[in-house]
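Grab a viewer and a notepad: here are a few exercises to work through, each with a solution. Try each task yourself before you read on.

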Amino acid sequence: MKQAIFRARFLLWGLAAPQLIVLFLFFYLPIILAFCWAFHLEQPFGGGSQFVGLANFRRVLGSSEFWSSAGATLLYMVLASGTSVAAALVLALAADRALKVSPLARNVFIWPKAVASASIGVIFVFILNPFLGILAPLNDLWPGFWNPRTNVLHTYIMLFAANVWNAIPFSFIILLAGLQAIPQELHRAGAMDGAGPWRRLRDIQLPLLGPQLFVVIVLEVADSLSGSFGLIDTMTQGGPGGATNLLVYKIYSDGFKAYDLSGAATQTVILMALVACVTGVQYLFLERKVNYDR
Amino acid sequence: MIENTRSIDRVATAILIAGLAFVLAPLAVVVITATQSYEDFLARNFSLVPGTHFAGNFREIWTRTDLPRQTLNSVIVGAITAAGRIALAVTTSYAVVYFAGRGRGLVYAAVVASIMLPLELMIITAYQVTANVALPLDAVANMGGWWGALFGAPLDLQWNLLDTYAGISVPMMAQGSCTLILVQFFRTIPPQLARAAIIDGAGPLRFLRDILLPLSKGPLTALGIYMFISAWVQYMWPLVAASSPARTMAVVGLARLQEDAERIPDFPLQMTGAILVTLPPLILIALFQRRIVRGLTLSEK
Amino acid sequence: MPETRSNAGIGLHGLVKSYGGAPVIPGLDAELEGGEFTVILGPSGCGKSTLLNCIAGLERLTAGRITIAGREVQEEEPKNRRLAMVFQSYALYPHMTVAENIGYALKVARVPKAERMARVAAAAKLVELGDYLGRRPGQLSGGQRQRVAIARAVVREPQVLLYDEPLSNLDAKLRQDMRMELAGLHRRIGATSVFVTHDQVEAMTLADRIMVLNKGRIEQFDTPEAIYHRPASAFVAGFIGSPAMNLIDVTGDGSHLRLSDGTALARHPHRGPAILGIRPEQVQAAPGGIPAAVTWREDLGAHCVLTLRLGDGTALRLATGPGQAAGTAATLRIALPAAALHLFDISTGRALAAAAAPATMKAEHDHLPS
């Protein structure tokens, strides 16, 4: 690269060392440790460990609880990132137009970034409480109209609503910046070529938004998982009947509540592999389509 | 805009207003509920009529819960995390952008890879490392038992960071997005600048201190605020890394307010707590919205 | 002569465009004839691009009417006005190939694929781009992108072609080549063309007629020859020609035009204050003329430009004839031939043609380069 002008090799490593050490300790080492533990039987409280080969994997993969949790995790990753990116995209497309409410919207849509997933969980659990919340009167009229504590569909609607609320800012910022980076002259050229606003959306705006959409989708998949813990811990605790017991939450309860360190580590390995696969698939199928020289 | 698009503009306005309502309504409900007393609430259930009990609720939060202390913890941990992430990102991205050498690509890849797997995914083993940061030293020393053979006993260093500010904040720094953004920013700075500095006799560190850092003040502040907020809203890691209520962060404390499952929760009190926990970062966001957006979108140029 | 000639004239009637109350174009009337190449010339901010966008339909009029081929179009969408446009930044779609860029308008108009490809190929051939159809704009040079932009405009066989400073992003050599190609293209396809620029050379070389625009008003709308030789206002006089025409504040006493210190510059029957205009190449060195100090000397090779200072401090430029040496003298005596004088009203800047018009008209032809 043209900016690479200093040649002091020791300084290069010296400057990078602090971050590399932190990353090694709290990113790479936990990954390595997870793989280690997945092949050992770990006793809690430093009770020693014993190599067991694939026994942990056999145990985890043999449990139906794991499979339903993995399925829920995959479903959540796809739907949570899909709904939040779609919502942010629609809002960004609207805010990109020079409307009277656009400046206000651009400011307010960033606010949820300041609210922790656990906080919005606490808030939504109250607002959507079937007996005390905003929908309680409807439940009085039609008993059972809304009950996220027992109805899995309602639970997921509540989770996705909270997730979308919380995930709007980042995607919105990136997508809106991408839309505004599209030169006005391209819109004009499109209009001169006879393409109306909808046609331009399809043929010009969305293709040119490709790189931003890609970034947002990839990051939102990882973010939806890490944010899911705060939501689930405050809203559903994995219920009803384990329907929202996503792997992130299951690993936490298996490891910290049931002290099954090896089982938790094995599931960690599988979860990381799952996320890596989803990300890899996105790179394979999406990235090639969004590359072009501007 | 270009054509006569009044109908589309009307649809877009409707979408934005719906979005505004969706974002603002929960916040409004929080504020209204926080003004009601527990007795009001039990008597009337959900109501959008503001009460007069906010001061009372706030006094109860302030005197009878750990939230004030935990809010202070959030300020401290947020500041340490933000400062640490910025410092690590500045040095690394400076090295990656401005130094020639075989290592730079490797360094950059190692840092960027960490964006894809958040800390929440590896919580069990990250906890284990934080419980004893000397773990890798022990492991290397005892590999093949050479330490034991030399000194009589296996090396058993212990350095527990759990329940400390460092233990909460340092693992949250192990994430490369800040570096990614800064690398993109440094690449937009004309390389002639560094050449001119060399001609003027400045070494690499002097160039960083006298030219690059002053030049990056705006983006760095924005990024710092953003990182502070990001640390503030963390939930899972502070929850496991700090077990004592006095050490943990405000968001964790807020979620723990509703633990008492025996009676109908004191929602007005919870919502008052939610205001205390949310207001500091919300004020930062509302005030620095423009700068934060500009800082975040640097990488999209 | 054009092989074919569009008969789609453009009429601008009482055209007003303002942004939030501030008028950019306060009211403008003009007729652009079918097949004519009109250049809209003016400094930046004069409203020339706004005017072009109004014709294109990319900006809505505040008031007034626009007709194309006799049809009122001010309420029409751009796509229904049967015109095409070449943009300053080319505005090529970066994610489409050259062929897709050129053919996009046809695709939107649902032209069958076979016909579309034939027309794209023909348009590409017209601008000598045939070998690049599969490339993306990012892989092309500036000049090639410009050709794609032009091909994209002509592929629709528009009655009206609009150009928004299309050459301003090219380097000097390329600009000259493209100028010739554009002139050739116009001769071949004969579409009514409107070309916006701030470059007087482009205006003089390309235009059938030049519309000089200043603060949203037409200063003069005439052939390049008339614009140069008979500027209708001090603004036009100062804007066209390089080096620019000298504009000097004088006062006429009925027989002579005098500087503020009383020096008689030239014979003229005008009475009262006025602006005197004379092109640098028509200022003559004359023994016994007005004394002037030489303050700056530029030798451009083909000719020289001297900056002079007259008695009262007024600066004046003199361009020598081809191959004429500039000399080294510190002072010079000059004369301003009556036939070469232009006189403008001190307050409106409009030409005061009446007084000396016949003489000027006759004398002009002696000075024509041909």
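The exercises below go from whole chains to interfaces, helix pairs and a single residue.

Two notes on conventions come before the tasks. Residues are numbered from 1 along each chain as its sequence is written, while chains are lettered from A and ligands numbered from 1 in the order in which they are written. This is a predicted model, with local features needing pLDDT of at least 70 and side-chain atom pairs counting only at pLDDT 80 or more, whereas totals for chains, interfaces and linings use all residues.

**Exercise 1. Describe the make-up of chain A, then of chain C.**

Step 1: count the elements, where helices (H or I, at least four residues) and strands (E, at least two) are DSSP runs numbered from the N terminus. Chain A comes out with 12 helices and 2 strands, and the order from the N terminus is α-β-β-α-α-α-α-α-α-α-α-α-α-α. Chain C has 9 helices and 19 strands.

Step 2: get the extents. Along the principal axes, the C-alpha atoms of chain A fill a box of roughly 75 × 75 × 30 Å. For chain C, the C-alpha trace spans about 75 × 45 × 40 Å.

Step 3: check burial. A residue is buried if 20 or more other C-beta atoms, placed from the backbone, lie within 10 Å of its own, exposed if 12 or fewer, and partly exposed in between. Of the 294 residues in chain A, 48% are buried; of the 370 residues in chain C, the buried share is 41%.

Step 4: look at contact range, with two residues in contact if their C-beta atoms, placed from the backbone, lie within 7 Å. Take the contacts in chain A between residues at least 6 apart in sequence: 70% of them join residues at least 24 apart. In chain C, residues 24 or more positions apart account for 64% of the contacts with a separation of 6 or more.

**Exercise 2. Split chain C into domains and find how far apart their centres are.**

Step 1: take the bounds, which come from an automatic or database domain assignment. Domain 1 of chain C covers 10–229 and domain 2 covers 242–362.

Step 2: take the centres over C-alpha atoms. Those of domain 1 and domain 2 of chain C are 39 Å apart.

**Exercise 3. Take stock of the two sides of chain A that touch chain B and chain C.**

Step 1: start with chain B. The contact takes 90 residues from chain A and 84 residues from chain B. Helix H1 (residues 9–38) of chain A gives the most to chain A's side, with 20 residues.

Step 2: sort by class (Ala, Val, Leu, Ile, Met, Phe, Trp, Tyr, Cys and Pro nonpolar; Asp, Glu, Lys and Arg charged; the others, Gly among them, polar). The side of chain A that touches chain B holds 67 nonpolar, 16 polar and 7 charged residues.

Step 3: repeat for chain C. Here 17 residues of chain A are in contact with 19 residues of chain C. Helix H8 (184–192) and helix H9 (197–208) of chain A each supply at least two residues of chain A's side, and H8(A) gives the most, with 6 residues. By class, that side has 10 nonpolar, 1 polar and 6 charged residues.

**Exercise 4. Work out how H1(A) packs on helix H5 (residues 103–113) of chain B.**

Step 1: fit axes as lines to C-alpha atoms over the stretch in contact, with angles from 0 to 180 degrees between N-to-C directions. The axes of H1(A) and H5(B) are 11 Å apart, at an angle of about 25 degrees.

Step 2: name the geometry (under 35 degrees roughly parallel, over 145 roughly antiparallel, 65 to 115 roughly perpendicular, the rest oblique). H1(A) and H5(B) are therefore roughly parallel.

Step 3: list the residues. H1(A) brings several, among them Leu12(A), Trp13(A) and Leu23(A), and H5(B) brings others, including Arg104(B) and Val107(B). The contact divides into 8 nonpolar, 2 polar and 1 charged.

**Exercise 5. Place Leu88(B) in its surroundings.**

Step 1: Leu88(B) sits in helix H4 (residues 67–98) of chain B.

Step 2: with 25 C-beta neighbours inside 10 Å, Leu88(B) counts as buried.

Step 3: setting aside neighbours within four places in sequence, Leu88(B) is in contact with Pro18(A), Gln19(A), Val22(A) and Met173(B). Met173(B) is 85 residues away along the chain, with 8.4 Å between the two C-alpha atoms.
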